[in-house]
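Me: Could you take one part of this structure and look at it closely, working outward from it to whatever surrounds it? I would prefer one connected account to a list.

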Amino acid sequence: MEETTAVDRLVAQAEYYAAAFYHGHLPGPPALRTTVVTCMDARINPYGLLGLTEGDAHVLRNAGGSATDDVLRSLAVSQRELGTREVVVIQHTGCGMATFDGEEFRARVLRETGVEPPWSSTGTFGDVEQNVRDSVARIQGDPALPHRDRVRGFVYDVLSGTLAEVRPVTRRRLVPGPLAPQHG
Ligand SMILES: [Zn+2]
């Protein structure tokens, strides 16, 4: 007898899901008009965390939860074809994408396979809060997206299960304020 794989288990579970299914009436456009961009990390359950259920939101996941070209493509479809208006970016503590060198990783794949990987950037990062800011800024800066005024970024703490908003960094004033030291 063949070994039962993980996917066999998942497919068996899907039969229970179908037996109790009652969502067949749902329209395609998400009820909350919102798209969630988050990491593929197995510890993140965006449905449980945000109280989402079938029909509520688009959820885009990749390694890191960054605003990659493909996330921007999906956001354009989400907003232009399916009516979403808000975006929430959720990255997290302990992300694997902050634990290795992306350039080295790409070079290693090339070396081991002899084939150029289809991705140009691996998308690794150093500071998660900065990566959230960069992702939010990239979404806000994409003219292909008609709705860019409600884009918010968060870091999810995988140890405590809490979500913390990442505020944009306020730019330092270039002109010295009244209390700034004066140079002669
Ligand atoms: Zn991650």
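Reply: In this predicted model, helix α3 is followed by Gly83, a residue whose phi is positive, near 75°. The helix that ends there covers residues 69-82, and its length can be checked by simple arithmetic: at 1.5 Å a residue its 14 residues should span 20 Å, and because the C-alpha atoms at its two ends are 19 Å apart, expectation and model agree.

Which residues of α3 are buried? They are Val71, Leu72, Ser74, Leu75, Ala76, Ser78 and Gln79, and the buried residues of this helix pack against β1, β2, β3 and α5. The strands in that list are those across which α3 lies, with the helix running at about 170° to β2. Helix α5, residues 128-140, also packs on the sheet, where it touches β3, β4 and β5, and its direction makes about 160° with that of β4.

The sheet beneath these helices is open and has five strands in the order β2-β1-β3-β4-β5, with mixed pairing. Its edges are formed by β2 (57-62) and β5, each of which pairs on one side only, and from one strand to the next the twist averages 25°. Within that order, β3 and β4 run parallel and are joined by six bridges; along this pairing Val88 stands opposite Arg152 in β4, while His92 has Tyr156 of β4 as its bridge partner. Strand β4 itself is mostly covered, with five of its six residues buried.

On its other pairing, β4 (residues 151-156) runs antiparallel to β5 (residues 163-166), and four bridges join the two. Gly153 stands opposite Val166 in β5, and Phe154 has Glu165 as its bridge partner in that strand. The hairpin of β4 and β5 has six residues between the strands, and in it Gly161 takes a positive phi near 75°.

The residue His92, met above in the pairing with β4, leads to the metal site. What are the protein donors of the zinc ion? They are the SG atom of Cys39, the NE2 atom of His92 and the SG atom of Cys95, at 2.0 to 2.3 Å from the ion, and along the chain they follow the spacing C-x52-H-x2-C. The site therefore draws on distant parts of the chain, since Cys39 belongs to strand β1 (residues 34-39) and His92 to strand β3 (residues 86-92), 53 residues apart. These are two of the strands that α3 lies across.

Are these donors buried or exposed? With buried taken as under 20% relative accessible area, Cys39 counts as buried because its value is 4%; His92, at 1%, is buried as well, and Cys95, at 6%, falls under that cut-off too, so it is also buried. A disulfide is a covalent bond between the sulfur atoms of two cysteines, and a search of the whole structure finds zero disulfides.

Just before strand β1, in the loop that connects α1 to β1, lies Arg33. Its phi is positive, at about 50°, although the residue is not a glycine. With a relative accessibility of 38%, Arg33 counts as partly exposed because that value lies between the limits for buried and exposed.

On the other side of that loop, helix α1 (residues 6-19) offers a useful contrast with the helix at the start of this account. Its 14 residues should likewise span 20 Å at 1.5 Å a residue, and its end C-alpha atoms, 21 Å apart, agree with that expectation. Its burial, however, is another matter: α1 is hardly covered, and the count of buried residues among its 14 residues is zero, whereas α3 has buried residues, including Leu72 and Leu75, that pack against three strands, β1, β2 and β3, and against α5.

Key:
Residues numbered from 1 in each chain as written. Predicted model: local features only at pLDDT ≥ 70, side-chain atom pairs only at ≥ 80, totals over all residues. Heavy atoms only, no water. Expected span 1.5 Å × (residues − 1). Buried < 20%, exposed > 50% of the residue type's maximum accessible area, 1.4 Å probe, protein only. Donors = N, O, S within 2.8 Å, 3.2 Å for Na, K, Ca; no water. Disulfide = S-S within 2.5 Å. Pairing = 2+ DSSP bridges. Axes fitted to C-alpha atoms, helices over the stretch in contact; angles between N-to-C directions. Contact = heavy atoms within 4.5 Å.
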